[in-house]
Amino acid sequence: RTLAGTTTSLLFYALAVLTKSIAVSLPAVLLLLPWFMRGTIRRHEFLHSLPFFVVGASIAIYDIVQMGAKGNIHFGYTFIQRIMIACRSVCFYLWKVVMPTNLAMIYPLWTLSEDKVIWWLSVILVASLLIGLFIMRYRLGRGPIAALLFFGMTVGPTLGLIDYSYMLYSFVADRYQYLAMLGPISVMSSVIVHACDTSGGKRIAILPLERSNLGEMASKKFAAISILLGTALYYSTFRQCFAYKDNESFFGHAVRQNSEHTMNAWFHLAIHYADSSIKEPQKSVACYRRALRIINERRSKVPAIVYDQIAPIMYNNAGNTLIHALNRPDDAATLLKVAVKNLPKNARVHQQLADALSKIDKNEEAVQYFETATKLDPTSYVAWGNMGNSLVRLFRKEEAENALKKALAIKPDKINFRHSLATVYSMMGAHGKAIKEYDNILLFDPNNAMAKERKKNALDAITRYETKQIGKQQAGKAKLQIKK
């Protein structure tokens, strides 16, 4: 309780919160402990925890502001819906502590429009548990209610009361309760000790084992229960280990647990198969299609932001794989036309469809989708540049020049677009402008062999033109002399 001790504690607390935001609940736990021990919180204990509240709140506010500046995710759940999500999550976590079976890396995203009875039962159960344990604290002791409060405070930041990005995929994850589960486990341990205790105590006291009055027979019972539980948990852990062998095992396990609803697992399994070290694009596309089928089926049951954030990534990744890895741009175009229909205001989807169409020489149609993409997102240099390339193939030189200039105004170091612009100038006979673009390319990449060669060709073209012009002038003078 010295100044140095408090300062050091605050420093480590700040580092903990910066590392993992779930540690923000520590100040509340610091107040819970004296209440658990004595039933009261003294003034100096509150003052001692106050700096921790200030540090935690400051970091939390800064985090919220930063997330807001980056376009924070807002799901639009009402207060009642958030209470329902929190209560069902608490019930889920407590059940997994009691019965840790069928664990999954990624759990399905619950929908509020389904299983309404389960949602309300969860609220009633959590409320009954809190009220009941508080009323019975004189008979059972403060241990059970303190453990439940500790659990709720620790897992609280991830219960859906505030928005965070993982809620796009699921409301729950086993990792969120690793620290919080110490509370329920302590109660379960005390219940086992109490069941073996021969002293006849009525309270479920959370105390060290050496302070419980266990006789010889009770100690044997306790040892037998401990061995049985330990063996069961060891076996369960041993089986679970195989799911962590590699990414395929990791996400494949989640898919096998719930193949019809675990959209996120199919999504990450597709990314795994598309990896350059794996190179199984057929499987990747199949997984993307499965994930898209799930998210399209559940579109009306989840917040719009879930679909708008995830579906474009899936469509674009699947389209990229079809175009570049499998060389099937026609299939990519078919898939991305569905994407455009489902996501009419997503610029990236329109651009990806246009890219696919340009690969199969449907440049007129591609330009239309590129134009839509640039209207939706005028800062997309890729859409502007690729539209310029399609316009070059259509010999619409002035429009191509304009599109490529806009792309390079946004991304001046995009060398392939500078090559395209130089080509346009060469087609227009403006070899001087083409040479200037090749000089710009060589500023960014002095060793660019293509730029050097084409610059030489442009200079030769100028030389030929000048020679031809000189020849014309000389021929004209000769004709005048002959006439004279």
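These legends go with a set of close-up views of a predicted model.

**View 1. The whole chain, as a starting point.** Before zooming in, here is the overall picture: the protein has 21 helices and 0 strands. Of its 484 residues, 40% are buried. Take the contacts between residues at least 6 apart in sequence, and 60% of them turn out to join residues at least 24 apart.

**View 2. The largest nonpolar core, with its best-connected residues.** This core has 111 residues. Phe-75, Tyr-93, Phe-171, Val-306, Met-314 and Tyr-315 are the ones with the most contacts inside it. Which helix gives the most to this core? That's H13, residues 304–325, with 10 residues. In general, nonpolar side chains in soluble globular proteins tend to be buried together.

**View 3. Val-306 and its surroundings, plus a core that sits apart.** Val-306 is one of the residues with the most contacts inside the largest nonpolar core. Skip the residues up to four places away in sequence, and Val-306 touches Phe-75, Leu-109, Leu-168, Ile-295 and Ala-311. Phe-75 is itself on the list of residues with the most contacts in that core. Apart from the largest core lies another one, with 7 residues, including Leu-10, Val-17, Phe-52 and Ile-59.

**View 4. H13 against H14.** Here H13 meets H14, which covers residues 329–342; their axes come within 8 Å and cross at roughly 165°. Angles over 145 degrees count as roughly antiparallel, and H13 and H14 are therefore roughly antiparallel to each other. Their crossing is left-handed. On the H13 side, look for Tyr-307, Tyr-315, Ala-318, Gly-319, Leu-322 and Ile-323. They meet Pro-329, Asp-331, Ala-332, Leu-335, Leu-336, Val-338, Ala-339 and Asn-342 in H14. Sorted by class, the residues of this contact come to 11 nonpolar, 2 polar and 1 charged. Tyr-315 shows up here as well as among the residues with the most contacts in the largest core.

**View 5. Two loop residues with positive phi.** Most residues other than glycine have a negative phi, and this view picks out a pair that go the other way. Where is Asn-327 found? Follow the chain into the loop between H13 and H14 and there it is. Asn-327 isn't a glycine, yet its phi is positive, at about 55°. With 62% relative accessibility, Asn-327 counts as exposed. Further along, Phe-395 lies in the loop between H17 (381–393) and H18 (397–410). Phe-395 isn't a glycine either, and has a positive phi of about 60°. Is Phe-395 buried or exposed? With a relative accessible area of 61%, Phe-395 is exposed.

**View 6. H15 against H16, with Thr-372 picked out.** H15 (residues 347–359) and H16 have axes that come within 8 Å and cross at roughly 160°. That makes H15 roughly antiparallel to H16, and the crossing of these two helices is left-handed. H15 brings Ala-347, His-350, Gln-351, Leu-353, Ala-354, Asp-355, Leu-357 and Ser-358 to the contact. From H16 come Asn-363, Glu-365, Ala-366, Tyr-369, Phe-370, Thr-372, Ala-373 and Leu-376. The tally for this contact is 9 nonpolar, 5 polar and 2 charged residues. Now zoom in on Thr-372, which sits in H16, residues 363–376. Thr-372 counts as partly exposed, at 29% relative accessibility. Thr-372 and Ala-347 are 25 residues apart along the chain, but their C-alpha atoms are separated by 7.3 Å.

**View 7. His-253 in H10.** The helix to find here is H10, residues 247–257, which holds His-253. His-253 is buried, with a relative accessible area of 15%. Not counting residues up to four places away in sequence, His-253 touches Leu-103, Ala-104, Met-105, Gln-240 and Ala-243.

**View 8. Gly-56 in H3.** Gly-56 has its place in H3, which spans residues 43–69. Its relative accessible area is 2%, so Gly-56 is buried. What is Gly-56 in contact with, leaving aside its neighbours within four places in sequence? The partners are Tyr-13 and Val-24. Leu-26 is 30 residues away from Gly-56 along the chain, with 8.6 Å separating their C-alpha atoms.

Methods: Residues numbered from 1 in each chain as written. Predicted model: local features only at pLDDT ≥ 70, side-chain atom pairs only at ≥ 80, totals over all residues. Heavy atoms only, no water. Core = buried A, V, L, I, M, F, W, Y, C linked by side-chain atoms within 4.5 Å. Buried < 20%, exposed > 50% of the residue type's maximum accessible area, 1.4 Å probe, protein only. Helix = DSSP H or I, 4+ residues; strand = E, 2+ residues; numbered from the N terminus. Contact = heavy atoms within 4.5 Å. Axes fitted to C-alpha atoms, helices over the stretch in contact; angles between N-to-C directions. Parallel < 35°, antiparallel > 145°, perpendicular 65-115°, else oblique. Left-handed = near helix turned anticlockwise from the far one by under 90°. Nonpolar A, V, L, I, M, F, W, Y, C, P; charged D, E, K, R; others polar.
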